[in-house]
Amino acid sequence: MDALFVSVSAASVTGLSSVDFPATFTHFGSTVVMILIQVGGLGIMTLTTLGALLVGRRVGFRDLLAVREELGSIDSPRNTGRLIGQIAGITLLVEAFGAVVLAFGFIRGGLGYGDGLFQAVFHAVMAFCNAGFPNLPDGDLVPYAGDPAVNLALVALIILGGLGFPVLVNLYHYRQARRLTLHSKLVLVTTVVLVLIGVSSVALLEWTNPATLGGNPIGTRLWMALFQGVTPRTAGFSTVDYARMYDSTLLLQIALMFIGAAPTSTGGGVRVTTLALLFLVVLAQARGQEEVSAFGRRVPRQLIQKALVVLTLSALLVFVAALALMVSDGLSLLPAMFEATSAFGTVGLSLNVTPELSTFGKLLVAGVMFLGRIGPITLILALSARQKAKGYVFPQEDIAIG
């Protein structure tokens, strides 16, 4: 059961563990988990197509279409092969640079050269793929709460991995194209706003909490606030004990985990573009506008409908999962909501209840992690793929709202 749980958690790039990870897994086991997370982060279709291209095998047009859908690309399928190469290059470059910076911090922190290099590569992959398996001897990153190199490297990797591959490729080509797509603009703006909200909320609510930020030097408190403001964006690392946070802070962390990262990224959640579209809908209604627009571009109505479907199904999934955990494992409301949201958002944060779950609870959380990774909209599209189009429409009639 524990092997199944950790495997699902790794493949869905979550980071929840039903066992003490550093005390249970050897370097070989950690490497297996790291490979699973790298595969889960890049995507199965993307990775298999990349492998076929590397060995010189011809990739069919249908395969390219499938990869294009997985990447959320709007380019021609013939450009998908080049896009995959760019994604692989960006991933390896960012992870390698992050591993170098992390190695400097871990070796200086007393891990030595051999273990320090291994932990640097492991945590670089974890951070960029937005998974949160802690593999350090102490079991967490608390000893490095005030280390600038470790904090900056992990925060940068988490944010870059959460932006999504289309945004990274768009930024990579910005020097030549001098243009950002509407998707990139919405992701970047919403990400900045959510990071500011996360960091400021942790700093304001936990500044005087002696069990978390309080009692540390001001510089360390600032680093801890930055780290915990970014990590609920589906990363799962922590430099504080989440079980000792105030309930008000945990409630905001649940909201950030539910929102998650960008589409076609290594993170989960309902996605930042869903939040951005709903905000634009409210803004358009407040202005009396019939069309939803942003940055001089009109948003198709079908996308707004998809955003509402994603939000509704995701909220229903988290609610049902939390209720089931309360019934099956006797959890109170906040720990159950936190665990269910962390699993759905593929975050990996926990209030130290994951190892204590029953067999049913572990299977339930594993199922939520899987559904959170594939996304509710993917499930709906798969179920409706064989439905035939209707040759008629019903007459229209208004209903009262609000």
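**Notebook: aromatic cluster, cores and cavity**

I looked up two phenylalanines at the outset: Phe 21 is buried, and Phe 122 is buried as well. I note that the model is a predicted one.

**Entry 1. The aromatic rings**

I counted the aromatic pairs and obtained eight. I then examined Phe 21 with Phe 25: the ring centres are 4.5 Å apart and the planes make an angle of 20 degrees, so I recorded the pair as stacked, the limit for that class being under 30 degrees. The two partners fall into separate burial classes. Phe 21 has 2% relative accessibility and therefore counts as buried, the cut-off being under 20%. Phe 25, at 24%, counts as partly exposed.

I next took up Phe 21 with Phe 122. This aromatic pair is tilted, with 6.1 Å from centre to centre and 35 degrees between the planes. I checked where the two residues sit: Phe 21 belongs to helix α2 (residues 21-24) and Phe 122 to helix α7 (residues 113-128), so the pair links distant parts of the chain, 101 residues apart. Following the ring pairs further, I found a cluster made up of Phe 21, Phe 25, Phe 118, Phe 122 and Phe 133.

**Entry 2. The nonpolar cores**

I asked which residues of the largest nonpolar core touch the most other members. The core has 51 residues, and those with the most such contacts are Ile 37, Leu 102, Phe 106, Met 126, Phe 133, Leu 141 and Leu 154. Helix α6 (residues 80-111) contributes the most to this core, namely eight residues. Phe 133 thus appears in my notes twice, in the ring cluster and in this core.

I listed the contacts of Ile 37, leaving out neighbours within four places in sequence. They are Ala 10, Val 13, Val 125, Met 126, Cys 129, Ala 131 and Phe 133. Apart from the largest core I found another, of 20 residues, which includes Leu 16, Val 270, Val 318 and Ala 336.

**Entry 3. The cavity**

How many cavities of 30 Å³ or more does the structure hold? I found one. The largest cavity encloses about 60 Å³ of space. Its lining consists of Ile 158, Ile 159, Gly 162, Leu 163, Thr 191, Val 195, Val 230, Arg 233 and Ala 261. I sorted this lining by class and recorded six nonpolar, two polar and one charged residues.

I also asked which helix gives the most to the lining of the largest cavity. It is α8, with four residues. Both α8 (148-163) and α11 (182-206) supply at least two residues each.

**Entry 4. Thr 249**

I located Thr 249 in helix α13 (residues 247-259). Is this residue, Thr 249, buried or exposed? Its relative accessibility is 1%, so I entered Thr 249 as buried. Beyond residues up to four places away in sequence, Thr 249 touches Val 202, Leu 205 and Glu 206. For Glu 206 I noted the C-alpha separation from Thr 249 too: 7.4 Å, although the two are 43 residues apart along the chain.

**Entry 5. The whole chain**

I closed with the chain totals. The chain has 18 helices and two strands. Of its 402 residues, 48% are buried. Taking contacts between residues at least 6 apart in sequence, I found that 67% join residues at least 24 apart.

Technical notes: Residues numbered from 1 in each chain as written. Predicted model: local features only at pLDDT ≥ 70, side-chain atom pairs only at ≥ 80, totals over all residues. Heavy atoms only, no water. Core = buried A, V, L, I, M, F, W, Y, C linked by side-chain atoms within 4.5 Å. Buried < 20%, exposed > 50% of the residue type's maximum accessible area, 1.4 Å probe, protein only. Contact = heavy atoms within 4.5 Å. Phe/Tyr/Trp six-rings, centres within 6.5 Å; stacked < 30°, edge-to-face > 60°. 1 Å grid on protein atoms, 1.4 Å probe; cavity = no way out; pocket = protein on both sides within 12 Å on 5 of 7 lines; lining within 4 Å. Points joined across faces, edges and corners; volume = space filled by probe spheres on them. Nonpolar A, V, L, I, M, F, W, Y, C, P; charged D, E, K, R; others polar.
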